[in-house]
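What follows is a walk through one structure, taking the contact between two protein chains before the contact with DNA.

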Protein chains: 2
Amino acid sequence: MSLAFAMDDGRTARPASLLADVISRQGAPARFAANEELYAQDDQVELLFLVQRGVVRTTRLTLEGRRQVGGFYYPGDILGLETGPLHRFGAEALSEAELCVARRASVRAFAGDTELDRAVLDATRLELERAQSHMLMLGLKNARGKVGAFLLSMAGAGGPMFELAMSRQDMADYLGLTIETVSRTLSQLQNEALVEFPSARLFRLPRRDALEAFAA
Amino acid sequence: MSLAFAMDDGRTARPASLLADVISRQGAPARFAANEELYAQDDQVELLFLVQRGVVRTTRLTLEGRRQVGGFYYPGDILGLETGPLHRFGAEALSEAELCVARRASVRAFAGDTELDRAVLDATRLELERAQSHMLMLGLKNARGKVGAFLLSMAGAGGPMFELAMSRQDMADYLGLTIETVSRTLSQLQNEALVEFPSARLFRLPRRDALEAFAA
DNA sequence: CGAGGGATTGATACGTCTCAAAGCATGTGG
DNA sequence: CCACATGCTTTGAGACGTATCAATCCCTCG
């Protein structure tokens, strides 16, 4: 993509963690096509993934066919830290992605190494923080607040232009809304000049403070 | 409370964990009155709590005064494992409660003890599982599903009669609903004979399978 | 140029919230 | 023992927000 102005995916890679280091040293590189599955919901947990390029989403499907997106994972993020022996969420690449894949067992071979234990704990804490924030958003905010907060989180600290890696459907399933409500809310925010969409996946936040006032 | 039939609070104490052991050995007993605060949202994290009797709820308040209940903690549950230096949720005793309180530092004094590190990780994983389940419930279920699932989770494996430790307002703030919607939904389930409420805090589930059919 | 998939917009139905009143327990003082 | 006050719960009527179903638009790609 070539743009005449600075563009930003809104996410800078996380500060390198020890666990990320171990995975990238112990693991093997892997490439996934758009929409390719890293692992399925209810699969056995065996691997740890470090995102190096692209974006990955985690999803959970219900029996009735409803879908909840658990989160979006950017370069530097780690997938595969689970609470049980099975994956509670499946994972798919949003677009072509490069990851580093390590067997859990080979990381566990380091067990007893206090540093590494600590790194796994820290990474798990990050997951917990992510889940708690998500829970608060779903429980406390209306559509306007959800969409606004989502834009802010996708914008991060960069600027002035940001790219959305995911479709409206992904956004909707992450926010617990329908695609129509997401679209309408975005249009409404655009009418109020709180956001500009040069195209469906590209946006600017000309009044970030006004967004933060109701979506923070 | 004396009842002529078996009654159950629906929660059996969790299988003793190593971390719970350490807290109960290292810590000091503490008693809290109903509605007394264990710690406040945004307080510095310093202590670990093991519930021994009674029930504790964690809550987060927004600037606009809305409240989200993060969870309910029963005997055997541990509070105070946080993702950052500050408490993201406050904690209050629902009714008179006995806890065991240990300084984080004195638990950390065991650091390097691989077993203990592992125990902290496991406890953090439990929190993660709790938060993820909560997130899924908020994102995927309607009022009927939320209330039904809540009753099932409060009932646990015991039976046939269960006690609710929390008010309708606590339930509502946990489920992301209003107190009126919770009350109406409970009345509706009662009309369908999916639940019986001899009193507001006591209930029976005569057709648990029928509940599970839509609330699982 | 036409086909296809994602996104937007419109009309309407439905679910949940809001505001208000009534019901029901529990405890207190007369 | 009754009368009342208090707090929690339930019920009702109407407003509001989001979902649903359907049509149109837009962009990309062949």
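Contact here means heavy atoms within 4.5 Å. The model is a predicted one. By that cut-off, 31 residues of chain A are in contact with 31 residues of chain B. Joining the two chains buries about 3200 Å², and carbon and sulfur atoms give 64% of this area.

Between chain A and chain B there are two salt bridges. One of them pairs Arg88(A) with Glu129(B), with 3.6 Å between the closest N and O atoms. Eight residue pairs are in polar contact across the interface of chain A and chain B, both residues at pLDDT 80 or more. On the side of chain A that touches chain B, strand E5 (67-73) and helix H3 (114-140) of chain A each supply at least two residues. H3(A) gives the most, with 18 residues. Sorted by class, this side of chain A has nine nonpolar, 12 polar and 10 charged residues.

The DNA comes next. Around DNA strand C there are 15 residues, of which Arg184(A), Ser187(A), Ala143(B), Thr181(B) and Arg184(B) come nearest. Of the atoms of DNA strand C that come within 4 Å of the protein, 62% belong to sugar and phosphate.

Helix H6 (179-191) of chain A and helix H6 (179-191) of chain B each supply at least two residues of the surface near DNA strand C, and H6(A) has the largest share, four residues. Polar side-chain atoms reach both backbone and bases: Ser183(A) lies 2.9 Å from a phosphate oxygen of DNA strand C, while Arg184(A) lies 2.8 Å from a base nitrogen and Glu180(B) 2.9 Å from a base nitrogen. By class, the surface near DNA strand C has two nonpolar, seven polar and six charged residues.

Note on methods:
Residues numbered from 1 in each chain as written. Chains lettered and ligands numbered in written order. Predicted model: local features only at pLDDT ≥ 70, side-chain atom pairs only at ≥ 80, totals over all residues. Heavy atoms only, no water. Buried area = accessible area lost by both parts, 1.4 Å probe. Salt bridge = Lys/Arg side-chain N within 4 Å of Asp/Glu carboxyl O. Polar contact = N/O pair within 3.5 Å; in protein donor to acceptor, adjacent residues only side chain to side chain. Nonpolar A, V, L, I, M, F, W, Y, C, P; charged D, E, K, R; others polar. Near = heavy atom within 4 Å.
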